Amino acid sequence: ATMAGAAAGAAAVAAAGSGALRKVELFYDVVSPYSWLAFEALCRYRAEWRMNLQLRPVLLGAVMHATGNKPPGMVPAKGKYMIADLKMSAKYFAVPLRPPKELAETMFKKGSLKAQRLLTAAKLQGSEQLVENLSRALWMRIWSQDQDITEDKSLTEACVAAGLSNAEAVKLVEQIQQENVKLALKATSDEAVSRGMFGAPAIFTDEKTFFFGSDRFPLLARHLGVTWHGPFPNPHAKDIEGLLTGTAKL
């Protein structure tokens, strides 16, 4: 369900009329479930808020290491709260987010290095739609279906789910070993840190102004001079239960 309508946001912006779009950058890592929530909300509001939404994959582990930050899961009480919070947030945002059974292993041992390099390779191809589709496909695997995102086979499957042919998917996955892709991911991560990022998601509206997390949309909206209606631009436009069960389109 989350795949359906992926192109609708970009098409809606194109059809929204003339005039400058607001540049909004989302720095994120698919290992971060809160980044998925922010990502979907921004994609939904892209037309109404007239955003030039730029997706900026980073390596969250590198960002946190550089800033001395620690994952909430490293503190038992925070980790327990995070699980409950994610369940409530998933319902609120109507995103089919379900924490993997082996949460610590998924987030801290397996990680997302290859997945973020894959997104960087897609970014270097110049297709924001591919980056959007692929990001969503990776989040679906790790945070909804409890599937792997570290093996080449898994990444190829994600690429196919994002709309690439099998041949195109294999070719893109091969690119994650290229030095320019590795350097590009490092450069974006370094840039994010230099601009103040310490965790994900980080939503930037200019060089230094950013909003951390998926619960700052009222403040972001006020800053942009727009209106936050909730998880959807029109709170009555979507059947929440239908979205959660996969019978409605995003």
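A pocket here is an open set of grid points with protein on both sides within 12 Å along at least five of seven lines, and its lining residues have an atom within 4 Å of a point. With that in hand, let us walk through this structure, which is a predicted model.

The largest pocket is a good place to start. It holds about 1,200 Å³ of space, and 44 residues line it. If you want to centre your view, look for Tyr-34, Pro-71, Pro-72, Ala-200 and Phe-212, the lining residues that lie nearest the centre of the pocket. Several helices supply at least two residues each to this lining: helix 2 (33–45), helix 3 (60–67), helix 4 (76–93), helix 5 (103–110) and helix 11 (217–224). Which helix gives the most to the lining? That is helix 4, with seven residues. In chemical terms, the lining divides into 26 nonpolar, twelve polar and six charged residues.

Next, turn to the surface. Met-74, Val-75 and Phe-108 make a nonpolar patch of about 270 Å². Val-75 sits in the loop between helix 3 and helix 4. Its relative accessibility is 36%, so Val-75 counts as partly exposed.

The backbone has a few spots to visit too. Most residues other than glycine have a negative phi, and most peptide bonds are trans. Against that background, the peptide bond from Ala-200 to Pro-201 is cis, with omega near 0°. Ala-200 has already appeared among the residues nearest the centre of the largest pocket, while Pro-201 belongs to the loop between helix 10 (179–194) and strand 3 (202–204). Arg-50, in the loop between helix 2 and strand 2 (51–57), has a positive phi near 50°. Asp-146 also has a positive phi, of about 55°, although it is not a glycine. You will find Asp-146 in the loop between helix 7 and helix 8 (152–161), where it is partly exposed because its relative accessible area is 38%.

Now for the charged side chains. Side chains of opposite charge can pair when their charged atoms come close. Counting a side-chain nitrogen of Lys or Arg within 4 Å of a carboxyl oxygen of Asp or Glu, the model has 14 salt bridges. One of them joins Arg-56 to Glu-191, with the closest N and O atoms 2.7 Å apart. Arg-56 lies in strand 2 and Glu-191 in helix 10, so this pair ties together parts that are 135 residues apart in sequence. Arg-56 is buried at 12% relative accessibility, whereas Glu-191 is partly exposed at 26%. Both also belong to a network of salt bridges that links Glu-25, Arg-56, Glu-191, Arg-195 and Glu-207.

Helix 7 offers another pair: Arg-136 and Glu-132 meet in a salt bridge of 3.3 Å, N to O. These two are four residues apart in the helix, so about one helical turn separates them. Are they buried or exposed? Arg-136 is buried at 3% relative accessibility, and Glu-132 is buried with a relative accessible area of 3%. Ala-137 lies in helix 7 as well (residues 128–143), and it is buried at 3%. The C-alpha atoms of Ala-137 and Leu-155 are 9.5 Å apart in space, and the two residues are 18 apart in sequence.

Finally, Arg-216 and Asp-215 form a salt bridge, their closest N and O atoms being 2.8 Å apart. Arg-216 is partly exposed at 37%, and Asp-215 is exposed at 55%.

Key
Residues numbered from 1 in each chain as written. Predicted model: local features only at pLDDT ≥ 70, side-chain atom pairs only at ≥ 80, totals over all residues. Heavy atoms only, no water. 1 Å grid on protein atoms, 1.4 Å probe; cavity = no way out; pocket = protein on both sides within 12 Å on 5 of 7 lines; lining within 4 Å. Points joined across faces, edges and corners; volume = space filled by probe spheres on them. Nonpolar A, V, L, I, M, F, W, Y, C, P; charged D, E, K, R; others polar. Patch = residues over 30% accessible without salt bridge, like charges linked within 9 Å, V, L, I, M, F, W, Y side chains within 5 Å. Areas by Shrake-Rupley, 256 points an atom, 1.4 Å probe, with all protein chains shown as cover. Buried < 20%, exposed > 50% of the residue type's maximum accessible area, 1.4 Å probe, protein only.
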